[in-house]
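Let's take a walk along the places where protein and DNA meet. Please open the structure and keep it beside you as you read.

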Protein chains: 2
Amino acid sequence: MSGRGPRERMVFSAAQLIRRDGVGATGMREVAAHARAPRGSLQHYFPGGKEQLVNEAVGWAGRYAGKRVARFLAALPEPTPALLFAEMVRQWTDEYEADGFAGGCPVAAATVDLATSTDSAREAASAAFTEWTTAVARALTDLGVPAGRAGPLATLMISSLEGAILLARAERSSRALTEVSRELGPLLDSAVTAPGPGHAAGR
Amino acid sequence: MSGRGPRERMVFSAAQLIRRDGVGATGMREVAAHARAPRGSLQHYFPGGKEQLVNEAVGWAGRYAGKRVARFLAALPEPTPALLFAEMVRQWTDEYEADGFAGGCPVAAATVDLATSTDSAREAASAAFTEWTTAVARALTDLGVPAGRAGPLATLMISSLEGAILLARAERSSRALTEVSRELGPLLDSAVTAPGPGHAAGR
DNA sequence: CCGCTACTATGACGACGGTCATGACGGACA
DNA sequence: TGTCCGTCATGACCGTCGTCATAGTAGCGG
């Protein structure tokens with residue numbers, strides 16, 4: 001777990017702490033201690049200060065989420081959009097049942113704490129979300145979802161997942177996550193063969 | 001705007017600042033200044049300190065969101081679940097197009113910054129979400145959604161909305177909000193007459 | 001041994017936050 | 001008038017945080 005260099009470990013630790021405590025409540029000294037890295041390395045590897053560290057952590061999280069999607073797809077014997085989403089959700093329910101509801105999504109945490117940094121934090125979060133979304137959209141098209149619907153459906157999946165994570169953490173229950181997965185499943189699978197949008201009210 | 005007493009103004013201002021900057025980045029002095037209230041009133045009205053103030057702000061937000069649902073329903077000439085959700089989304093797109101993407105949901109902000117306070121903050125956020133969810137679920141049943149689906153669908157609506165708010169703020173675009181509304185609409189309306197779950201893969 | 005570079009170590013500074021202590025104002029009421 | 005109490009006003013304390021400055025160590029080519 002965690003890359004070999006101290007630098008990578010610090011980025012990884014930053015992402016972990018941010019996703020648990022938020023950006024503002026995560027201190028640089030804390031990151032160094034968590035990564036078992038010397039405090040002096042902070043200003044050496046991250047001359048841009050906390051902003052740079054947070055941005056790299058967010059970017060790392062986006063890349064991680066994107067890669068994870070492809071791995072989910074490969075692991076499923078008979079992949080469908082609903083099963084992919086169920087797998088994405090399961091990643092969270094598993095963690096919550098194993099380690100408690102301590103952590104959320106680091107990108108979401110960075111988005112909420114926009115005021116702390118300049119626009120660069122927002123851009124990093126936006127890039128992370130787009131990376132994740134395009135990965136999901138690509139997976140959907142691979143599963144037979146028409147190109148026009150893959151993007152919006154990917155956005156819907158990630159939005160629902162992020163929101164359900166919030167609810168789950170607040171109520172300390174995976175209920176929201178499982179319900180969202182169950183309710184969204186049929187809609188996602190119904191988009192595979194359907195040529196146009198929805199069923200009736202296209203608008 | 002804002003109640004008459006200084007106390008209510010402070011709770012309201014706290015909610016506004018929290019939803020913009022997050023819990024950690026919002027200072028007590030800042031809240032007092034924003035509410036045009038004397039700093040000395042903080043320790044008088046909120047002897048429980050910041051924790052109490054934040055919890056009351058979160059509770060206020062939950063109550064506000066719940067009432068808002070009923071008002072949306074009443075304002076719609078021919079209400080359907082999809083139209084209700086579209087109205088909930090529109091509240092955010094309108095604000096974002098008018099005032100910029102400055103603010104998010106205060107309850108989400110409080111949920112992300114769990115570490116700052118004890119469990120009471122989490123309970124306040126949970127209560128706020130529950131209040132909001134039950135209001136939406138009640139509206140859905142009024143619109144003809146079977147009792148068994150109203151709760152999960154309400155959770156899905158709020159999850160998607162919260163997540164889309166995150167995406168919208170990150171990319172400074174209402175795209176995610178409108179796409180989620182459009183994609184979720186048919187599913188919501190299809191639940192009105194359908195007795196069982198989804199269309200095919202019930203489980 | 002020198003100089004150079006990458007990395008580590010540590011202390012200090014300035015700013016800000018939440019909280020507390022203390023006191024002042026201003027009606028209400030006897 | 002004197003006293004009480006809700007409200008407001010400030011200044012101080014103490015901790016933490018991000019950042020900077022400075023110095024130390026380790027390895028290496030010359």
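What follows goes through the two DNA strands in turn, beginning with strand D. One thing to keep in mind is that this is a predicted model.

Start by finding DNA strand D and the protein around it. There are 17 residues around this strand, and those that come nearest are Arg29(A), Lys50(A), Pro38(B), Arg39(B) and Ser41(B). Which elements supply at least two residues each to the surface near DNA strand D? From chain A they are helix H2 (28-34) and helix H4 (49-75), and from chain B helix H3 (40-45). The largest share belongs to H3(B), with five residues. By class, this surface near DNA strand D holds four nonpolar, eight polar and five charged residues.

Now zoom in on the phosphates of strand D. In Met28(A), a backbone N or O atom sits 2.8 Å from a phosphate oxygen of DNA strand D, and for Thr26(A) a backbone N or O atom is 3.3 Å from a phosphate oxygen of this strand. Lys50(A) uses its side chain instead: an N or O atom there is 2.7 Å from a phosphate oxygen of DNA strand D. As for the strand's own atoms within 4 Å of the protein, 48% are part of sugar or phosphate, and the rest are part of bases.

Turn next to DNA strand C. It has 16 residues around it, and Pro38(A), Arg39(A), Ser41(A), Arg29(B) and Gln43(B) come nearest. Here it is worth looking at the bases. A side-chain N or O atom of Arg29(B) lies 2.5 Å from a base nitrogen of DNA strand C, while Gln43(B) places a side-chain N or O atom 2.7 Å from a base nitrogen of this strand. Chain A takes part too, with a polar side-chain atom of Arg29(A) lying 3.4 Å from a base nitrogen of DNA strand C. Stepping back to the elements, two or more residues of the surface near DNA strand C come from each of helix H3 (40-45) of chain A, helix H2 (28-34) of chain B and helix H4 (49-75) of chain B.

Which element gives the largest share of the surface near DNA strand C? That is H3(A), with five residues. Sorted by class, the residues near DNA strand C are three nonpolar, eight polar and five charged. Of the atoms of DNA strand C within 4 Å of the protein, 44% belong to sugar or phosphate, and bases account for the rest.

How values were computed
Residues are numbered from 1 along each chain as its sequence is written. Chains are lettered from A and ligands numbered from 1 in the order in which they are written. This is a predicted model: local features need pLDDT of at least 70, side-chain atom pairs count only at pLDDT 80 or more; totals for chains, interfaces and linings use all residues. Side-chain values use heavy atoms; hydrogens and water are left out. A residue is near a molecule or strand if one of its heavy atoms lies within 4 Å of it. A polar contact is a pair of N or O atoms within 3.5 Å; within protein, one must be able to donate a hydrogen and the other to accept it, and residues adjacent in sequence count only if both atoms are side-chain atoms. Helices (H or I, at least four residues) and strands (E, at least two) are DSSP runs, numbered from the N terminus. Ala, Val, Leu, Ile, Met, Phe, Trp, Tyr, Cys and Pro count as nonpolar, Asp, Glu, Lys and Arg as charged, and the others, Gly among them, as polar.
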